[in-house]
Amino acid sequence: MLLFIGSGCSLTRRLKGNESLVRKITIKGIDDELAEAAVLYVDKEQQPNNVINLQFYYLFSKNGKRDIGEAPAILDSNLVEFSRVQIERFLQNKGYLKAKVTDTIKIKKKKAELIFSAVEGPLFRIRKLQDSIADKKVQDLYRVNRPRFSHVQPGGRFDTDSLAYDRDEFYLIMKRNGYYDFYRQYINFQYDSTFKSSVVDIKMIIDNPAGKSSHPIYTINNTLVTVSKSNGRTPGKADTVQVDPQFRYVDYSGKFKPHSVTDYIFQKKGQIYNIDQQTLTTSRLSELNVFRNVPNPTYTKLPDSTNRLDTKIDITPLKQFSDRVEGEFLFAGGRFGYNLGNTFTDRNVFKNAAILQIKTNWSILFDNSNNSITQAAIQNQDLRLGASLIYPRIIAPFNFPLPGKYGVPHTTFSTNYQWFYQKGLVSRESFINSISYDFFETGRKLHTITPIDIEFSKGTIDPAAQALLLKNNLFAYSQLIGRTIFSAGSQYTFQYNAIELNSYKNFTYFRGSLDVGGNTLSLLSNVLNTKRDADNRRTILGYPFAQYAKTEIDLRVYKSLGGERQFIFRLNPGIGIPYGNSDDGHWIFEKEFYAGGANDMRAWLPRTLGPGQFNRATAYNSDSLRTRLKYLDQFGEIKIIANAEYRYKLMDDFFGSKLKGAVFIDAGNVWRLHKQPDQPNSEFRLDNILQSTAIGIGTGLRFDLAFFVFRLDAAFKFKDPQFTGSDSWVLINHFNELFKSGTFKANYKATNSGDTYNFMQLNFGIGMPF
């Protein structure tokens, strides 16, 4: 027996006269395998309401907005009868040919329960399977392929869904083998049931076209490609080129070279018609991200008896220039910040569908705490400027075949500049230049290779801060943030199943990256015997270089819970190991890991967690030092973050968006690779991993507008590893101070240079956290 219970709230008081609200569905007599699916055959208007959707409907319908929320499921006996018939047919289609379903309605205090009782009867199974196919070639094709695709087997359940599946699968096989004129209607099933024995004999019949003795096989002939203007019109004179014996290219926009399109047309002259090649062509042309509309090609049969097809492909380009603005907002007590980004895109550089992107990103963190340095001021800024030129092909000094079967490959030339400023401490500049290649091994496996990545970083420490660092013997930290260093390395990234990220299926997503730098420079410096600096490190062109290996993994398991409900578990570990010319631990500051922010440990601001059990109150003996180093002294070479999130739908229409909710728990931290004299308890140790792990919990709303998602999360610190023992369970121990001040917050403020302790962190952003 299956129960489906909806709202039982006092909203029934809004009903009129003899109206009743459907609040419960009970289905009896159906085996567990089919019971859950049977509920879906109850008419939508008789499904119990979600209480929140119903509340919103009543709230907004007062003002005439009846498209917000969910209208009440008012009992309708006609729809109940319709639902009974649908459930009965569903059972019969699943092999219970003698199934009968009755319905009962129970009403109490205007709340209706629908009870559907089934008598399934015997399950009918397939006794014999035959085929009757007039065309010998089609018959051979069917018999060779049937064992691979068929869900209909002797001894199996009689199931009309399986028959429909077989029909669709063989239709596609025909379409892949030149049968352009083949339709599903040519395939029919005859079945004869023996009620006493509960068995069914099935015969599949494929007829020939009327007036023909066989199904014709077609081949591809000439192809006409027409590119309109971005408004879809084709006025005036067009650029017309006969590319080769197959392709004639007509461009009314005057903006695309022929090969930028024809390279991704996979239907070649003389080959048999193949619907997969047609789909591949439209998919790859769409993935170039320069065309707005790429419909399926149209075909014209030649008037002779050669069974050839002329192909016509009509393409509408996107507007060449676009601009997109993105942003995030973070708030926690007296500290708040925002992250603004702008991306300008030119979609057709050099007329070959290459894309130029110019990105600007500006992050600012304000701190209105009571300390003398940062009061009511900008605490830090991060400005990033970047330009990328992306070609939809592999550009290399050697011939590389176009691997477009599973996705469009790219070559990306990029240059980036970053300026980071921490008030009263340091200003850092970084320049990064790289060449990357990405290509699909399969539809699910994406490889990205960056053979050349050159980085140059320079830090300038505030003189007063430098004197304070040296006074407190923080030489290593001074060198890390203030040194000038560069590196040349290579990177590799592998992604699996990114294609499923917007689905509600059960799947696993994986992203792994490896970044190795300085090895070539080390070999070169040793061969040339280059000079060493004051710290005995080899130099190139007068500057020391970093030598390191860094890897990071993003593993996610997505579990569908039915409908638009989903559970996601994410594990995100990483480690960076400086060695060789950086064996003293002094490598590129920007390569360090940080925790906190809108996408990992959401209860903490970025750069405010860890490393390990590091406690800023006890680590420094100076308020000035503690304040100057804030947001820059909490990093590590090791990161382990785990997230668990349950996502669900609240309502289908909330002011034009689909409203969804989430509850989540985040756990993790960053750690130093080795013990640090100036950061006690910050190193990674297996015997201390649980004590040094932070935990945050929270809930959020997602406003899904189809083309992007607005996200608002409220996260709460549950376990804070900067405190030891049972004191780390801050939300349990100090719940009474969640939204007000008390002894705990007062003591924290007194020992942390005026900083306030905030249990709650608000994150507002665009897109999902992961």
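This is a short talk on helix packing, strand pairing, cavities and a few backbone details in a predicted model.

Some ground rules before the details. Residues are numbered from 1 along each chain as its sequence is written, and side-chain values use heavy atoms, with hydrogens and water left out. Because the model is predicted, local features need pLDDT of at least 70 and side-chain atom pairs count only at pLDDT 80 or more, while totals for chains, interfaces and linings use all residues.

I will use element names throughout. Helices (H or I, at least four residues) and strands (E, at least two) are DSSP runs, numbered from the N terminus.

Let me start with a pair of helices. Two packed helices are described by the angle between their axes and the distance between the axes. Here the pair is α1, residues 32-39, and α3, residues 77-93, which pack at an angle of about 145° with axes 10 Å apart. The axes are lines fitted to C-alpha atoms, for helices over the stretch in contact, and angles run from 0 to 180 degrees between N-to-C directions. The crossing of α1 over α3 is right-handed, meaning that the near helix is turned clockwise from the far one by less than a right angle, where anticlockwise would be left-handed.

Which residues of α1 and α3 meet? On the α1 side they are L34, A37 and A38, and on the α3 side I87, F90 and L91, with contact meaning heavy atoms within 4.5 Å. Sorted by class, this contact has six nonpolar residues, no polar and no charged ones. For the classes, Ala, Val, Leu, Ile, Met, Phe, Trp, Tyr, Cys and Pro count as nonpolar, Asp, Glu, Lys and Arg as charged, and the others, Gly among them, as polar.

Next, the sheets. Strands of a sheet pair through backbone hydrogen bonds, either parallel or antiparallel. In what follows, two strands pair if DSSP finds at least two bridges between them.

One open sheet has three strands in the order β5-β7-β6, with mixed pairing. Its edge strands, β5 (125-133) and β6 (187-194), each pair on one side only. From one strand to the next the twist averages 20°. β6 and β7 (residues 199-206) run antiparallel and are joined by eight bridges, and F189 stands opposite M204 in β7. Two helices pack on this sheet. Helix α4 (residues 136-149) touches β5 and β7, and its direction makes about 150° with that of β5. Helix α5 (residues 160-176) touches β6 and β7, at about 155° to the direction of β6.

Further along, there is a run of antiparallel pairs. Strand β17 (residues 377-391) is joined to β18 (residues 410-422) by twelve bridges, with Q381 opposite Y421 in β18. β18 in turn is joined to β19 (residues 426-440) by 13 bridges, again antiparallel. Across that pair, F413 stands opposite I435, and S414 has S434 as its bridge partner. β18 and β19 make a hairpin with three residues between the strands, where G424 takes a positive phi near 75°. β19 also pairs antiparallel with β20 (residues 445-461), over 14 bridges. There N433 stands opposite I454 in β20, and the hairpin of β19 and β20 has four residues between the strands.

For parallel pairing, look at β8 (residues 219-227). Seven bridges join β8 to β13 (residues 308-317), and T226 stands opposite D314 in β13. β8 is also parallel to β10 (residues 247-251), over five bridges, with T223 opposite F247.

Now the empty space. How many cavities of 30 Å³ or more are there? The count comes to three, and the largest has a volume of about 290 Å³. A cavity here is a set of points, on a 1 Å grid over the protein atoms alone, where a 1.4 Å probe fits but cannot get out, and lining residues have an atom within 4 Å of a point. Grid points are joined across faces, edges and corners, and a volume is the space filled by probe spheres set on the points. The largest cavity is lined by 25 residues, and R335, T608, Q634, Q722 and Y748 lie nearest its centre. By class its lining has nine nonpolar, nine polar and seven charged residues.

Two backbone details to finish. The peptide bond from G610 to P611 is cis, with omega near -5°, and P611 sits in the loop between β26 (566-578) and α11 (616-619). Y631 is not a glycine, yet has a positive phi of about 75°; Y631 lies in the loop between α12 (623-628) and β27 (638-654).

Terms used:
On a 1 Å grid over the protein atoms alone, a cavity is a set of points where a 1.4 Å probe fits but cannot get out, and a pocket is an open set with protein on both sides within 12 Å along at least five of seven lines; lining residues have an atom within 4 Å of a point.
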